[in-house]
Amino acid sequence: MKKKQRSKKSGLKRLQIVTVIGVILVGVSIYYFYSAEQAQIRGYNFGNEIQAIQDELKDEQVDFYSKVSMWKENSISKDQILEYSDVHVLKMKNIIIKYTDLNIPDAFSGSVKLFKLSTETQLESDQHLINWMKNDDRGEKIRADELLQASFEYEMVALSSFEEAKKGIMKP
């Protein structure tokens with residue numbers, strides 16, 4: 001009789017242990033998949049945020065260079081382009097701040113630093129261009145063109161780095 005009770009207790013204890021292990025495994029599985037899903041959502045949000053910054057930058061640059069072209073064609077005065085230039089510089093500085101405010105996944109930190117460097121270099125180029133428009137100093141125009149080329153190169157490397165990071169995260 002005691003043997004049967006021990007056997008029942010032993011079987012009950014095993015069942016409890018197996019049940020606890022099962023619950024733990026289910027809990028860990030749920031946590032893992034939840035975490036993976038949350039990471040995917042954060043990555044999607046990050047992608048949208050960086051795209052919004054890049055779109056804002058592109059729109060600002062198109063607008064600025066459109067105004068510069070208008071000035072070159074004498075459609076707007078020097079005072080008007082210089083007044084617009086002040087606004088442009090402020091907008092560019094605000095765009096640069098947005099890179100700092102991003103919640104950057106580790107895999108993308110290098111590419112975001114390069115996007116930010118590209119934008120900072122673009123702003124520096126624009127400031128030299130503005131100085132050229134103000135003072136008609138050909139050296140300022142040359143420096144603006146050099147920095148514009150450097151900005152473009154930083155952006156190309158940033159895009160490449162971003163795509164590589166995206167591929168690395170998407171690997172199964």
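User: What sort of phi does D136 take just after α3?
Analyst: A positive one, about 55°, in the spot just after α3. D136 isn't a glycine, either. Before we go on, this is a predicted model: local features need pLDDT of at least 70, side-chain atom pairs count only at pLDDT 80 or more, and totals for chains, interfaces and linings use all residues. Residues are numbered from 1 along each chain as its sequence is written, and side-chain values use heavy atoms, with hydrogens and water left out.

User: Ok. Where does D136 sit, and is D136 buried or exposed?
Analyst: D136 is in the loop between α3 and α4. It counts as exposed, at 62% relative accessibility. The cut-offs are under 20% relative accessible area for buried, over 50% for exposed, and partly exposed in between, with a 1.4 Å probe and protein chains only.

User: And N74, what's its phi?
Analyst: About 60°, so again positive, although N74 is not a glycine. N74 is in the loop between α1 (2-72) and α2, and at 69% relative accessibility it counts as exposed.

User: Zooming out, how many helices and strands are there?
Analyst: Four helices and zero strands, in the order α-α-α-α along the sequence. Those are DSSP runs numbered from the N terminus: H or I with at least four residues for helices, E with at least two for strands. Of the 172 residues, 27% count as buried.

User: How do α2 and α3 pack?
Analyst: Helix α2 (residues 78-101) and helix α3 (residues 109-135) pack at about 165°, axes 10 Å apart. Axes are lines fitted to C-alpha atoms, for helices over the stretch in contact, and angles run from 0 to 180 degrees between N-to-C directions. That makes the pair roughly antiparallel. The bins are under 35 degrees for roughly parallel, over 145 for roughly antiparallel, 65 to 115 for roughly perpendicular, and oblique for the rest.

User: Which residues of α2 and α3 make the contact?
Analyst: Among them are I81, L82, H88, V89 and M92 of α2, and F115, L123, D126 and I130 of α3. Contact means heavy atoms within 4.5 Å. By class, there are twelve nonpolar, six polar and six charged residues. Here Ala, Val, Leu, Ile, Met, Phe, Trp, Tyr, Cys and Pro are nonpolar, Asp, Glu, Lys and Arg charged, and the others, Gly among them, polar.

User: Which residues of α2 are buried?
Analyst: I81, L82, Y84, S85, H88, V89, M92, I95, I96 and Y99. In general, an α-helix has 3.6 residues a turn, so residues three or four places apart point the same way.

User: What span should α3 have?
Analyst: Its 27 residues should span 39 Å, and the end C-alpha atoms are 39 Å apart, which agrees. The expected span is 1.5 Å times one less than the number of residues. For α2, with 24 residues, 34 Å is expected and 35 Å is found, so that agrees too.

User: New topic: what does S118 touch?
Analyst: S118 touches S151, Y154 and E155, not counting residues up to four places away in sequence. It lies in α3 and is buried, at 3% relative accessible area.

User: And what is L148 in contact with?
Analyst: Y65, Q122 and S125, leaving aside neighbours within four places in sequence. L148 lies in α4 (residues 138-170) and is partly exposed, at 31% relative accessible area. Its C-alpha is 8.1 Å from that of D126, 22 residues apart along the chain.
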